[in-house]
Amino acid sequence: MAVKIGLLGFGTVASGIPFLLKENHSKIAELAGTDIEIGKVLVKSTDEANRLVSQGNDYDFVYSIEDILADDSIDIVVELMGRIEPAKTYISQALKAGKHVVSANKDLIAVHGQELIGLAQENEVLFAYEAAVAGGIPILRTLSESLMADKITRILGVLNGTSNFMLTKMVEENWSYDKALASAQELGYAESDPTNDVEGIDAAYKVAILSQFGFGMAIDFEAIHHKGINVIKSEDVSVAKELGYVIKLVGDIQETDSGIWAEVVPTLVPINHPLSAVNDVMNAVFVESIGVGQSMYYGPGAGQKPTATSVMADIMQISRHMLEEKVVKPFNAYQRQSRLAKAEEVVSAYYFAVEASDEAGQLSQLAQLFATYDISFEQVFQAKSIEGTALITVITHDITKTQLDEITAAIQNSDAFTLQNAFKVLGG
Ligand code: HSE
């Protein structure tokens with residue numbers, strides 16, 4: 001007897017599954033408690049099926065989801081199509097048909113996860129998605145199982161490989177943003193439309209899912225503030241370097257007395273912080289908690305074999321569960337009422353890059369403006385002065401989100417100054 005899976009889509013990640021089934025066959029069969037076989041594969045057209053067959057992927061290809069739903073021999077549906085539709089409809093139908101589902105679809109789970117989790121519970125089937133966050137890093141089960149006794153206070157993550165690759169090139173090789181993007185596209189990291197990667201949307205999807213596992217709170221995707229790497233200027237990169245930081249796109253979830261705060265923003269990371277060493281396409285999740293303290297989980301956040309390995313582990317967990325006929329439990333059992341933190345409780349140091357005319361007294365006027373909102377400087381740096389314009393960069397002491405909004409608006413409204421950028425600064 002074998003557990004049969006129905007694959008929805010046969011792209012990069014899906015093609016890693018036959019590799020594992022072949023190369024790691026006996027361990028997978030032993031730990032899953034059964035052989036695992038690819039029963040059917042849903043593709044879009046006969047042309048696609050013929051192309052896959054010519055590449056050595058000789059499966060039972062079907063062109064309608066009904067062929068998988070109606071097949072009683074298929075126990076687990078594995079959705080690897082990505083995006084919202086038709087993936088959402090197909091997953092819903094599979095859950096309603098009493099099939100377990102594995103997915104790697106972060107966009108879908110971040111936005112509609114609660115609905116699908118509810119459907120899985122109603123139909124007493126499992127819905128697992130380890131690969132949806134940071135591909136090959138086993139972070140979701142680590143949070144829900146290995147750290148179940150711990151209380152997590154903050155999660156910081158480098159969660160998008162494409163933008164991390166680009167930033168690494170901009171920091172280490174002084175590449176421009178455009179050159180870094182062209183290279184990321186050439187190497188196949190960024191999509192032809194790289195919006196989700198460079199605007200922080202892809203990382204924000206992962207933050208939404210991490211907040212459920214780390215803090216038991218499902219927050220609306222719209223409540224997660226995101227700013228991408230497309231706003232970073234080469235001056236920011238060089239000043240940050242000069243001051244002992246590297247700029248990373250960091251997902252940040254922290255809990256205060258009033259609730260949780262979640263965002264994805266370009267962040268100055270001190271060079272002695274472990275996240276500063278996460279380079280190229282690699283991802284990492286840095287967890288602060290009352291028990292373990294600080295721990296970091298590092299690895300490939302995308303790619304065929306890493307992501308397929310996480311997907312396969314979900315399939316094996318479900319196979320084991322089927323054999324043991326255990327009670328159906330949600331992938332993440334930690335659930336609390338969602339509460340968002342008050343802006344005045346969330347604090348951090350900030351980097352401001354401000355343009356001013358290069359005249360006497362400008363710096364003290366800027367300091368006075370900051371002082372109006374009770375913000376003091378920890379470091380001040382004048383990056384350059386070109387044709388009478390100076391770029392003044394400052395790093396503040398800790399300020400609240402309320403102060404951040406106030407000073408941002410004040411600089412934007414002032415005649416004397418132009419705000420180039422304002423980025424969060426992590427402590428060392
Ligand atoms: N485009 C994503 C990245 C893939 O670059 O990390 C995984 O979500």
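# Exercises on helix packing, salt bridges and loops

In this predicted model, Lys27, Ile28, Leu31 and Ala32 of helix H2 are in contact with Met312, Met316, Ser319, Arg320 and Leu323 of helix H13.

## Exercise 1: the H2 and H13 contact

Describe how helix H2 packs on helix H13, and find which classes of residue make up the contact.

Solution. Begin with the two quantities that matter here, since two packed helices are described by the angle between their axes and the distance between the axes. For H2 (residues 25-32) and H13 (residues 304-324), the angle is about 40 degrees and the axes lie 8 Å apart. Next, classify the angle: because roughly parallel requires an angle under 35 degrees and roughly perpendicular one of 65 to 115, H2 is oblique to H13. Finally, sort the contact residues by class, which gives six nonpolar residues, one polar residue and two charged residues.

## Exercise 2: a loop residue beside the same helices

Locate Thr34, decide whether Thr34 is buried or exposed, and list what Thr34 touches.

Solution. The first step is to place the residue, and Thr34 is found in the loop between H2 and strand E2 (35-42). The second step is to apply the cut-off: the relative accessible area of Thr34 is 5%, and because buried means under 20%, Thr34 counts as buried. The third step is to list the contacts, leaving aside residues up to four places away in sequence; Thr34 then touches Met1, Ala2, Val3, Ile28, Ala29, Ser319 and Leu323. Among these, Ile28, Ser319 and Leu323 also take part in the contact between H2 and H13.

## Exercise 3: salt bridges and their surroundings

Taking examples from the 13 salt bridges in the structure, work out which elements hold Lys106 and Asp202, which elements hold Glu263 and Lys424, and how accessible Lys169 and Glu173 are.

Solution. Start with Lys106 and Asp202, which form a salt bridge with their closest N and O atoms 3.5 Å apart. This pair links distant parts of the chain, with Lys106 in helix H6 (residues 106-122) and Asp202 in helix H11 (residues 201-215), 96 residues apart. Asp202 has a relative accessibility of 8% and therefore counts as buried.

Turn next to Glu263 and Lys424, whose closest N and O atoms are 2.6 Å apart in a salt bridge. Because Glu263 lies in strand E10 (residues 260-270) and Lys424 in strand E17 (residues 417-425), the pair ties together parts that are 161 residues apart in sequence. Glu263 is buried, at a relative accessible area of 1%, and Lys424 is buried as well, at 3%. The pair also belongs to a network, in which salt bridges that share partners join Arg154, Asp252, Glu263, Lys401 and Lys424.

Conclude with Lys169 and Glu173, whose side chains meet in a salt bridge with an N to O distance of 3.3 Å. Lys169 is buried at 17% relative accessible area, whereas Glu173, at 43%, counts as partly exposed.

## Exercise 4: backbone features in loops

For Pro86, Glu124 and Asp374, state where each residue lies and what marks its backbone.

Solution. Consider Pro86, which lies in the loop between strand E4 (74-79) and helix H5 (87-96); the peptide bond leading from Glu85 to Pro86 is cis, with omega near 5 degrees. Then take Glu124, found in the loop between H6 and strand E6 (127-128), where phi is near 55 degrees, a positive value in a residue other than glycine. Asp374, located in the loop between helix H14 (362-372) and strand E14 (377-386), likewise has a positive phi, near 65 degrees. As for accessibility, Glu124 is exposed at 59%, and Asp374 is exposed at 65%.

## Exercise 5: domains and a long loop contact

Which residue ranges make up the assigned domains, and which residues does Leu340 touch?

Solution. Read the assignment before turning to the residue: domain 1 comprises 3-132 + 304-324, domain 2 comprises 139-300 and domain 3 comprises 343-425. The centres of domain 1 and domain 3, taken over C-alpha atoms, are separated by 50 Å. Leu340 lies in the loop between H13 and strand E13 (347-357) and is partly exposed, with a relative accessible area of 47%. Setting aside residues up to four places away in sequence, Leu340 touches Ile219, Ala223, Ser258, Gly259 and Ile260. For one of these partners, Ala223, the separation from Leu340 is 117 residues in sequence and 8.4 Å in space, C-alpha to C-alpha.

Definitions and conventions:
Residues numbered from 1 in each chain as written. Predicted model: local features only at pLDDT ≥ 70, side-chain atom pairs only at ≥ 80, totals over all residues. Heavy atoms only, no water. Salt bridge = Lys/Arg side-chain N within 4 Å of Asp/Glu carboxyl O. Helix = DSSP H or I, 4+ residues; strand = E, 2+ residues; numbered from the N terminus. Buried < 20%, exposed > 50% of the residue type's maximum accessible area, 1.4 Å probe, protein only. Axes fitted to C-alpha atoms, helices over the stretch in contact; angles between N-to-C directions. Contact = heavy atoms within 4.5 Å. Nonpolar A, V, L, I, M, F, W, Y, C, P; charged D, E, K, R; others polar. Domains from an automatic or database assignment.
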